[in-house]
Amino acid sequence: MIQCSGITKSFTDKKVLSGISFDIPDGQIFGLLGPSGAGKTTLIKILTGQLSFDDGSAMILQRNVRHLSGEDRKKIGIMMDQFGVYERLSCYDNLKIYAEIYGVPKERIMETLKLVGLEDSAKKPASSLSKGMLVRLQLARVFMISPDVIFLDEPTTGLDPVTQKQIHRIIMDKKKHGCTIFLTTHNMEEAAKLCDTVALLNEGVIVDRGAPEEICRRFNHQKKIVLHLKTGEDVELPHSKESADKIRELMEKESIETIHSSEPTLETVFLELTGRKLEEED
Amino acid sequence: MNNILVIFKKQIIDTFKNKSILLQVILYPVITLVMEALVRPEGMPAHYYTKMFSAMYVGMTPLISMTSIIAEEKEKNTLRVLLMSNVKPWQYLTGIGAYVWVIFMFGTGVMATAIEPAHIPFYLLIMGLSAIVSIAIGACVGINAKNQMSATSQGSMVMLMLSFLPMLAMFNDGIAKVANFVYTQHVRAMLDEMSFSALKLDGAIIVAVNTILAVALFIAAYRKKGLE
């Protein structure tokens, strides 16, 4: 569905993407993780034909991104990091504009507003919506056209956990319907929860990629199990036969409260690979 | 064609919610009608206010409306979303330009109620044609401006020059010489005569040159900056 090979892009004298390569099969959620300024938005712009690139090749829907036609674009939904909604117009009128551009039946407008939980706000001007509702309005604009591929640029940044959860539900629902989703985020929990595959992007270079759990397993150097006992004590055990015997013994005594693996998170993997945090403090 | 119509309809819906554009459109027609009805000193030429304000109206409203709409769409990122949705830049500019022309002609129609019915076709023709030049200049400024604030400051300078030159030319010969190269001055002169026989070659050439310059500037600005 999306194929990238050796994408390189520079702005004046600064190289922002270097040799980016990956394949995203149909119906998968692909997460591009990286801190601010890593080149995530630039890559989305390249893959959606908004920005030219210096070297490499990129295909989407079996088409070269340099030559996307109007019909191809109708199969691609894009949600960028800025809202891009008409603030004085109602939610309904905002969607109506795009329904008319894409030739979507008018009934789909209310259906989509319902899908994102904005049916009660259909007549409200976009200026009166909260940040979370604006994100949902943007998602509605993307989903209304029933695209085959969806690009979401940091869809949950700055939102409260409840709204984040609602948006995750909507994204997963689209995946169930066969959409291929390209998601950028610097929220590793979000990536681990939603994505089939992730790529870790740092300073324009993909430093690792794979399924989130596979990456975490690969960087599990400690290979330890932590037992939290009913006494409140934590016991760290290495992966060994002796540890298995110890666990059996403690279980027989019913002393164990919880058992934890010591696998790293995507955040710690990223830190190990790059020396940077995904969500860097200002 | 569909996309142009969508852009046009979007702007129509926005008209009554966008107070700054609405004010631009109704201000001069209202002032004109009030002045024509209430302020009539002895010896004042017929339709003095209509002619004077019309030249200012055509130099100001289409230009500032075009500029502010484009600048706002750039700043709020709605323009990028439209362009990503397969709306071509020329479709967008045509839709916005058509909208600005239509609302301007609506205001012009209101102003035309102050003049004799026989003169109305000539008046509408001159205003309609010269509005196209202002729209092209407004598009240049809108494309060039980074945001609404810079659009306002850049647009105001051009607008003041175009709309006030004809009035100032009446009081100063030096300004009149400069104003002779600006289309709004010739619009004013043609409206003074208010007759098809008043169409003179030099005036037509100045308006044509102004139109060509505006379109050339627009193309140069578009090639340099695009709509992003």
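A residue is called buried here when its relative accessible area is under 20%, exposed when that value is over 50%, and partly exposed in between. With those cut-offs in hand, keep in mind throughout the tour that the model is a predicted one.

**A loop residue in chain A**

Select A:Ser146 to begin, in the loop that runs between helix H5 (131–144) and strand S7 (149–153) of chain A. A:Ser146 has a relative accessible area of 44% and is therefore partly exposed. Its backbone deserves a look as well, since A:Ser146 has a positive phi of about 45° although it is not a glycine.

**A loop residue in chain B**

Move next to B:Asn86, which sits in the loop between helix H4 (78–84) and helix H5 (89–112) of chain B. This residue is likewise not a glycine, and its phi is positive at about 70°. The relative accessibility of B:Asn86 is 16%, so it counts as buried.

**The interface of chain A and chain B**

Now display both chains and select the residues that lie between them: 20 residues of chain A are in contact with 21 residues of chain B. On the chain A side, the residues that lose the most area to chain B are A:Tyr86, A:Arg88 and A:Ile101, which together account for 31% of what that side buries. The two chains bury about 2,100 Å² between them, with 54% of it on carbon and sulfur atoms.

Keep A:Arg88 selected and add B:Asp14, because the side chains of these two residues meet in a salt bridge, with 2.9 Å from N to O. Across this interface the rule finds four salt bridges, and it also finds seven residue pairs in polar contact, both residues of each pair being at pLDDT 80 or more. If you colour chain A by secondary structure, the elements that give two or more residues to the side touching chain B are helix H2 (70–73) and helix H3 (91–102). Of the elements on that side, H3(A) gives the most, with six residues. By residue class, the side of chain A that touches chain B divides into nine nonpolar, four polar and seven charged residues.

Staying with the two chains, select B:Asn77, which is found in the loop between helix H3 (48–75) and H4 of chain B. Its relative accessible area is 6%, so B:Asn77 is buried. When its neighbours within four places in sequence are left aside, B:Asn77 is in contact with A:Gln82 and A:Gly84.

**Strand S9 of chain A and its partners**

Turn to chain A alone and select strand S9 (residues 197–202), where six of the six residues are buried. Both faces of S9(A) are covered, with A:Thr197, A:Ala199 and A:Leu201 on one side and A:Val198, A:Leu200 and A:Asn202 on the other.

Which strands pair with S9(A), and in which sense does each run? Strand S3 (residues 29–33) of chain A pairs with S9(A) in the parallel sense over four bridges, and within this pairing A:Thr197 is the bridge partner of A:Phe30. Strand S10 (residues 205–210) of chain A runs antiparallel to S9(A), and five bridges join the two; here A:Leu201 stands opposite A:Ile206. S9(A) and S10(A) form a hairpin with two residues between them, and A:Glu203 in the turn has a positive phi of about 50°.

Before leaving S9(A), select A:Asn202, which belongs to that strand. A:Asn202 is buried, with a relative accessible area of 10%. Not counting residues up to four places away in sequence, A:Asn202 touches A:Pro35, A:Val207, A:Phe270, A:Thr274 and A:Arg276.

**Last stop: A:Asn64**

Finish at A:Asn64, which lies in strand S5 (residues 63–64) of chain A. A:Asn64 is partly exposed, with a relative accessible area of 28%. With residues up to four places away in sequence not counted, A:Asn64 touches A:Ala58 and A:Met59. A polar atom of the A:Asn64 side chain lies 2.9 Å from the backbone nitrogen of A:Arg66. To place A:Asn64 relative to another asparagine, add A:Asn94: the two are 30 residues apart in sequence and 30 Å apart in space, C-alpha to C-alpha.

Notes. Residues numbered from 1 in each chain as written. Chains lettered and ligands numbered in written order. Heavy atoms only, no water. Contact = heavy atoms within 4.5 Å. Buried area = accessible area lost by both parts, 1.4 Å probe. Polar contact = N/O pair within 3.5 Å; in protein donor to acceptor, adjacent residues only side chain to side chain. Nonpolar A, V, L, I, M, F, W, Y, C, P; charged D, E, K, R; others polar. Buried < 20%, exposed > 50% of the residue type's maximum accessible area, 1.4 Å probe, protein only. Pairing = 2+ DSSP bridges.
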